[in-house]
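Work through the exercises below with the sequence and coordinates open. Each task is followed by a solution in steps.

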Amino acid sequence: MRVLVIGTEDMTGEHVVKQLADRHHSPVALVGAENKVEEMVKLGAGDVVSLESRDFSSAFSGCEAVIYLSSASPRTGEGKPILVDHQTVIDSVEAAKKHGVKRFVLMNTMRAKEMESLDSGTNDVKYHSEELLRQEKLTYTVIRTSMPVDKPGIGKVEAGPSIVHDKGEIPKEDIASVLVKALDTEEVFNKTFHVTSGEILIDEALQRL
Amino acid sequence: MSKLKNYLPTVLKGSAVLGTVAAAAYFYRKDDTQKQHSILRNFPLIGRIRYMTEQIGPELRQYLFENNNEGTPFSRKEFEDVVKAGKYKERLIGFGSERDFNEAGYYIRNSMFPNLREELRIDNSQKINTKVYEVDEEGLLTRKEKREDRQIEPYFLRDEDAVIIGGETCRNPFKLKGLVGQSAMSYGALGENAITALSRGLGLAGGTWMNTGEGGLSKYHLSGNPDIMMQIGPGLFGVRTPGGEFFWEEFKKKSEIEQVKAFEIKLAQGAKIRGGHIEGQKVTEEIAQIRLVEPGQTINSPNRFYEFRNFNELFEFVERMRDVGGKPIGIKIVVGDLDALEEMTKTMRDTGKGPDFITVDGGEGGTGATYQELADAVGLPIMSALPLVDEMLKKYGVRNRVKLIASGKLTSPDKVAVALAMGADLVNIARGFMISVGCIMAEICHTNHCPAGVATTDSKLQEGLVIEEKQYRVANYVISLREGLFNLAAAAGIDTPTKFERKHIVHKDEWGRVSPVRDITLTPEKVEKLRNKEKVEK
């Protein structure tokens, strides 16, 4: 599957590109600057779209799916003024629709108390973009994670509509696995769920949903 | 029974007092009658305090009396920098530098428009799983910390920035994705635990290399699968025939080991510009097997190779080694005699032959057991030697044929960066890596009694050094150096540390005068020429 990855600036995004390539998908990496192209190719990106040379929307053409990591979009991160850019989520949904992309996996990072259930703090801007995605005729999956940390993945998580014993963190490598596997796991189609580091193998955790 | 209970405390107290008095009397008499120390004869017992404090002086000074910038060979601060980089992978400080800014030294010229992090040419496509310590709570006498898994970025050079040794000359050139490696340390000088921890740590970090030292290639060097530079000294350990001649077949065998990426002929080293010496009792079965010598017999290696007497013969030998082994061949030198240096570079130009890399060891270098007079006075320190070699090679138009590796107390990113700017292509570190595996600078490397279990083959002392724990510190240290180099490169306005040049550093003398770092070997005629050129350009 040709999959567009948005938010490759962070380690999670890099893992997503690598794992997609490992699973014989064809990842297309969206990057902010030309300088990142080489690294993305090394990770296994079949195509790299740099915002320095190409238009944001054009990156979606020919793609069957989008994985969006909203903790790090091309307009956020080091040296960028906004922490999480929800306008880009909205733009991405629009562009996906326009280019006939069928599948959209969105990752949102949650604060600790937000992990308890799905319907807390509904006036948060974070949820508007999720809501918008659900209204569209896309096959969506919204994955809300606890705090991503720079630790090696353990391959085990806890996933569900609410997390009671939240560990408060999840290795970035594991988030990437969840996102990539969610892509073609039918059990998570059109669902929103929380994920944190846990004791259940990722495949199994997703199928249980 | 009850009586015994009543008397017991008194008996115990009594015997404690009596015992102490008896011991004091014994030592008093012993001191009084011995003939070796006059102080003890005149001041029995009391005089012992002098000897005791003298013995633990280095430790006392280090912990109690010296300020953070004092202390040799490494100050407390330099030592801590290495330890912290390895243990916490942390180089952030608060409230400013502790460097003595009144002293003369080199400084990096910062650009008014530094590079952004995303503009740097880093290859972080691989990740490295390591372990670091996290401090939870720090009290006056206690520190609560725990070791945690961490996935970190390796800070490799991009493929096109990678340093390639022997690219034009060898069947198997050596490609380096990082600029810092481990300098020569032999198995035997360091114990198997230290060598294994280093090997695993360097293997984990990647983009670095491990120099075996002249004591031959051991299985401990190979254990962590790092890239290896095998050093060959005049003793020819590991590549010698029973008669003591160069053993070409064995050399070929060693060069066929995939991990062995290059060979280094050691003409000299900073610590000892002399032949090595190992006592027969240290030559165990295992060491004998690695070095290809007879177990139990004292070995004195010559202080020069029998195989060559001048540069022509040396280069012929290098040619043959490269031909047989197919891998890059380098030489390790200490610069003292400028005429000899000139002769070497001239021979390189005239014959079109020569080494693929030259390791320039500063006179200050040295983990090795050596003689004081050799360590202190023979050979120039690295910051003087390095530019001399660089310029000499340029003068004869052969600079592009060799890579320069610098070594000599370059334990932190800023020192490495200055060496790179002074003309080095790569940097070797020995003692920094020793510190990362637990060295506390007890300065008794030559005795086999290293308290940290690093520079000793004593199995009891080595129990203190846990390989599994120390290997991560080695990896963290070297990665942290690479990260620091990229930080400095960004500050200097370049996008990769391979681009450091003289123009990126300045020298400030002790009176605060700042001067650019120019060619040291500029002759008056050359200066005249440059002036004329400037005039024409104007």
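**Exercise 1.** Locate B:Lys254 in chain B and decide whether it is buried or exposed.

Solution. The model is a predicted one.
- Step 1: B:Lys254 belongs to helix H8 of chain B, residues 248-255.
- Step 2: the relative accessibility of B:Lys254 is 10%. The cut-off for buried is under 20%, so B:Lys254 counts as buried.
- Step 3: beyond the neighbours within four places in sequence, B:Lys254 is in contact with B:Leu217, B:Met230, B:Gly238, B:Val239, B:Val260 and B:Phe263.
- Step 4: a polar atom of the B:Lys254 side chain lies 2.8 Å from the backbone oxygen of B:Gly238.

**Exercise 2.** Find which residue forms a salt bridge with B:Arg121, and state which parts of chain B the pair ties together.

Solution.
- Step 1: the partner is B:Glu160, with the closest N and O atoms 3.0 Å apart.
- Step 2: B:Arg121 sits in the loop between E1 and E2, whereas B:Glu160 sits in the loop between strand E5 (156-157) and strand E6 (163-165), so the bridge ties together parts of chain B that are 39 residues apart in sequence.
- Step 3: B:Arg121 is buried at a relative accessible area of 16%, while B:Glu160 is partly exposed at 49%.
- Step 4: the contacts of B:Arg121 outside its neighbours within four places include A:Asn35 and A:Glu38 of chain A, and B:Phe486 and B:Asp495 of chain B.
- Step 5: B:Asp161 is another residue in contact with B:Arg121; the two are 40 residues apart in sequence and 8.4 Å apart from C-alpha to C-alpha.

**Exercise 3.** Describe the interface of chain A and chain B by its residues, its area and its salt bridges.

Solution.
- Step 1: 14 residues of chain A are in contact with 21 residues of chain B.
- Step 2: the two chains bury about 1,600 Å² between them, with 43% of that area on carbon and sulfur atoms. A:Asn35, A:Glu38 and A:Glu39 supply 32% of what chain A buries against chain B, more than any other three residues.
- Step 3: six salt bridges are counted between the chains. One salt bridge joins A:Glu39 to B:Arg158, with the closest N and O atoms 4.0 Å apart.
- Step 4: there are 12 residue pairs in polar contact across the interface. Helix H1 (11-22) and helix H2 (37-43) are the elements of chain A that give two or more residues to the side touching chain B. The largest share, four residues, comes from H2(A).
- Step 5: by class, this side of chain A has three nonpolar, two polar and nine charged residues.

**Exercise 4.** Compare the salt bridge of A:Arg144 and A:Glu130 with that of B:Glu469 and B:Arg473 in terms of location and burial.

Solution.
- Step 1: A:Arg144 and A:Glu130 meet at 2.6 Å, N to O. A:Arg144 is in strand E6 (residues 139-145) and A:Glu130 in helix H4 (residues 125-135) of chain A, 14 residues apart.
- Step 2: A:Arg144 is buried, with a relative accessible area of 2%; A:Glu130 is buried too, at 0%.
- Step 3: for B:Glu469 and B:Arg473 the N to O distance is 3.0 Å. Both lie in helix H17 (residues 467-492) of chain B, and because they are four residues apart, about one helical turn separates them.
- Step 4: B:Glu469 counts as buried at 14% relative accessibility, and B:Arg473 counts as buried at 16%.

Definitions and conventions:
Residues are numbered from 1 along each chain as its sequence is written. Chains are lettered from A and ligands numbered from 1 in the order in which they are written. This is a predicted model: local features need pLDDT of at least 70, side-chain atom pairs count only at pLDDT 80 or more; totals for chains, interfaces and linings use all residues. Side-chain values use heavy atoms; hydrogens and water are left out. Contact means heavy atoms within 4.5 Å. Buried means under 20% relative accessible area, exposed over 50%, partly exposed in between (1.4 Å probe, protein chains only). A polar contact is a pair of N or O atoms within 3.5 Å; within protein, one must be able to donate a hydrogen and the other to accept it, and residues adjacent in sequence count only if both atoms are side-chain atoms. Buried area is the accessible area (1.4 Å probe) that two parts lose on being put together, summed over both. A salt bridge is a side-chain nitrogen of Lys or Arg within 4 Å of a carboxyl oxygen of Asp or Glu. Ala, Val, Leu, Ile, Met, Phe, Trp, Tyr, Cys and Pro count as nonpolar, Asp, Glu, Lys and Arg as charged, and the others, Gly among them, as polar.
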